[in-house]
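Me: I've got this model open and want a close look at the places where the ligands sit. Can you take me through those surroundings, and then through whatever is built around them?

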Amino acid sequence: MTPEPRDVPTVPMTDPAWTSDPLTPPHGAEWDLVIVGGGTAGIVAARTAAGFGASVLLVERDRPGGDCLWTGCVPSKAMLAAAHSVAGMRAPGPGLHAGHVTVDGPAVLRRVQEAIAAIEPDDSPATLRRAGAAVAHGTARFTGPREITVDGTPVRFRRALLSTGAAPVVPDIPGLRAADPRTSETIWSITELPARLLVVGGGPIGCELGQAFARLGSRVTLVGSAPRLLGREDPDAAALVTAALVADGVDVRTGVALSSVVPDGGAHRADLDDGTEVVADLVLVAVGRHPRTTDLGLAEAGIAVDERGFVRVDAHLRTGNPRVWAAGDLTGYPAFTHTAGVHGTLAATNAVLGLRGTVDTTAIPRVTFTQPEVAAVGVGTSGGPGLTVRTVQHAHVDRAVADGATDGFTRLAFDRRNRVVGATIVGPRAGESLAEAVLAIRQGLRARDIASATHAYPTYGDGVWNAAIAQVRAQLGRPVPRTAVRVLAAVRRRSGR
Ligand SMILES: Cc1cc2nc3c(=O)[nH]c(=O)nc-3n(C[C@H](O)[C@H](O)[C@H](O)COP(=O)(O)OP(=O)(O)OC[C@H]3O[C@@H](n4cnc5c(N)ncnc54)[C@H](O)[C@@H]3O)c2cc1C
Ligand SMILES: NC(=O)c1ccc[n+]([C@@H]2O[C@H](COP(=O)([O-])OP(=O)(O)OC[C@H]3O[C@@H](n4cnc5c(N)ncnc54)[C@H](O)[C@@H]3O)[C@@H](O)[C@H]2O)c1
């Protein structure tokens, strides 16, 4: 697998004069903190460190904002918003009829770019400078334990933070590269929706973008080599997403690998290892990501990487070089913007203040923004030793019934002490409903803590509430509590109260 090069940006920055601040710090010869990589982790770290009064230099070779802003969360969610609107218009609900729905593909793709442009100022060099950090445009490389170069110019630091992220990989499959496949980094410069799209990969990117393109009108075939889609999620959740994709017209093929790609007129013919073939106008590869840790001079700085290329960090996000910390996708922790941001703050705080704050992995949420949305946190919810799982089907959640969106469920996993330790929610606003489970896991809350809190009616929060109530009821039904409740009731009867 080879990391994919970055594409040329399609959205201009609001700050066209993207130039570097001086590479020497205002006072002294060394920066308090040099940050390599201006994605979410680097930006949040820069703001945190500058807030402590440290002299901070953030080095970014492309544009501040990173994957989330330019090629990840923002464009994918903007595209999904359009796609879900189209689906809603096509099937507005019983008794409702919409006229013929048409999609202006180029306009939708322009709107995706507008969403990026609207958010971009938050991450711009000007905003970072206002927050107190200096910003340099260039490629950084370590040349020693306390020194980097920026496009060849030496820069010295007391502490450094590495946050260069990850890039999509393109597998070495015969003919694939010649087919000029797109990845999450290069798909956004298309100006028209492809008539036929082959999506390779059944993870979050494949499912989100596969559904988005299908709903907007492309004929999508999704090929995943794993036995099912969304392999990290509860199998019941993955089954609902698969069914939704099929209903959207996606030709879902799992447990099948791509063998080769050959030109087919102006299109591409993909041969699969089950003997079938797919003809497509565009190929989108979404089979995972590789840390951007090559060509950084890590060995010169004493920073170790693991066998997959992720930077080795301890529980405080410190690398093998005691002066260098790392945060974000390049560390191998769950690759999400919220993880990158939280870890950026933690690493910057540890580096600048000399603290030993520790990474907490107990409650890192994840949301796949397909329809239905899949949200999960904590341990798996398929059951396991010492776990009790309670499921509330959304056919029994009044809000879902009222919305006509009952294809979903809320599932909580409890440990032997009745503490919430895992959750999967599938359905509308699943990501929002998940926040309660995240807090419960983080705080070690028990079923009765959630059951005793009044939840507004009718909301999707009823799913979490009723799963907790079911767990409390089941506990009350066990022999000892049941006897205690009966004795208490009998005493009250006899005393006439
Ligand atoms: C299609 C897609 C959708 C996604 N959707 C979501 C979502 O909905 N929710 C969510 O939480 N996460 C989502 N993610 C994941 C999220 O985008 C990443 O986890 C997050 O952006 C990682 O941030 P980071 O700071 O670690 O790295 P990045 O954002 O990749 O930033 C690294 C920066 O370092 C720079 N850099 C690299 N090398 C050098 C060098 N030598 N010198 C100087 N600069 C350098 C790069 O140019 C880049 O700007 C999505 C990802 C993709 C691809
Ligand atoms: N909503 C979100 O938070 C969100 C959305 C998109 C991406 N992300 C982040 O980006 C990361 C990367 O996403 P991703 O979907 O590229 O990777 P992934 O590793 O999560 O999934 C890749 C999928 O491709 C399949 N695959 C691997 N090789 C294949 C091959 N040769 N042919 C066919 N299928 C193959 C795998 O079995 C797997 O199902 C995610 O893990 C996540 O951390 C998050």
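Reply: Let's start with ligand 1, keeping in mind that this is a predicted model. There are 35 residues around ligand 1, and the ones that come nearest are Gly37, Gly39, Gly66, Gly165 and Gly328. To find your way around on screen, look for the elements that give two or more residues to this shell: helices α1 (40-51), α2 (66-70), α3 (73-90) and α8 (337-353), plus strand β3 (56-60). Sorted by class, the shell around ligand 1 holds 16 polar, 12 nonpolar and 7 charged residues.

Now move over to ligand 2. Here 26 residues make up the surroundings, with Gly201, Gly203, Ile205, Ala226 and Ala335 coming nearest. The shell around ligand 2 splits into 14 nonpolar, 9 polar and 3 charged residues. At least two residues each come from α6, β10 and β18 (366-368). Which element gives the most to this shell? That's α6, with 4 residues.

Since α6 and β10 both turn up there, have a look at what they belong to. Strand β10 sits in an open sheet of 4 strands, ordered β11-β10-β9-β15, and the pairing is parallel. At the edges you'll find β11 (251-254) and β15 (282-285), each of which pairs on one side only. Going from one strand to the next, the twist averages 15°. Helix α6 (residues 204-216) packs on this sheet and touches β9, β10 (219-224) and β15, and its direction makes about 165° with that of β10. If you want to check the strand pairing by eye, try β9 (residues 196-200) against β15: the two run parallel and are joined by 4 bridges. One bridge to pick out is Leu197, whose partner in β15 is Leu282.

Keep following the chain from β10 and you come to a backbone oddity. Leu230 lies in the loop between β10 and α7 (235-247), and its phi is near 45°, a positive value in a residue that isn't glycine. That's worth a second look because most residues other than glycine have a negative phi.

There's also a second sheet to look at in this part of the sequence. It's an open one with 3 strands in the order β12-β13-β14, and here the pairing is antiparallel. Its edges are β12 (258-264) and β14 (277-280); each has a single partner strand, so one side of each is left without a neighbour in the sheet. The twist in this sheet averages 20° from one strand to the next. Between β12 and β13 (residues 267-272) there are 6 bridges, with the strands running antiparallel. Leu258 has Leu272 of β13 as its bridge partner, and Pro263 stands opposite His268, also in β13. The hairpin of these two strands leaves 2 residues between them, and Gly265 there has a positive phi near 65°.

Back to β18, which also feeds the shell around ligand 2. The loop between β18 and β19 (374-378) is where Pro372 is found. Gln371 and Pro372 are joined by a cis peptide bond, with omega about 5°. You'll find another cis bond between Tyr457 and Pro458, where omega is about -10°. Pro458 is in the loop between α11 (447-451) and α12 (461-476). Both spots are worth finding on screen because most peptide bonds are trans.

What does UniProt place at residues 364-467? Its unreviewed entry puts the feature "domain: Pyridine nucleotide-disulphide oxidoreductase dimerisation" there. In the model, that stretch is 31% helix and 26% strand, with its end C-alpha atoms 21 Å apart.

Finally, zoom out. The chain has 13 helices and 22 strands, and its C-alpha atoms fill a box of roughly 85 × 60 × 40 Å along the principal axes. A compact globule of 497 residues would have a radius of gyration near 23 Å, so the chain's 25 Å agrees with that.

Conventions. Residues are numbered from 1 along each chain as its sequence is written. Chains are lettered from A and ligands numbered from 1 in the order in which they are written. This is a predicted model: local features need pLDDT of at least 70, side-chain atom pairs count only at pLDDT 80 or more; totals for chains, interfaces and linings use all residues. UniProt positions are given in the numbering used here, feature names are shortened, and annotations may be inferred rather than shown by experiment. A residue is near a molecule or strand if its C-beta atom, placed from the backbone, lies within 6 Å of it. Ala, Val, Leu, Ile, Met, Phe, Trp, Tyr, Cys and Pro count as nonpolar, Asp, Glu, Lys and Arg as charged, and the others, Gly among them, as polar. Two strands pair if DSSP finds at least two bridges between them. Axes are lines fitted to C-alpha atoms, for helices over the stretch in contact, and angles run from 0 to 180 degrees between N-to-C directions. Two residues are in contact if their C-beta atoms, placed from the backbone, lie within 7 Å. The radius of gyration is taken over C-alpha atoms; the globule rule is 2.2 Å times the number of residues to the power 0.38.
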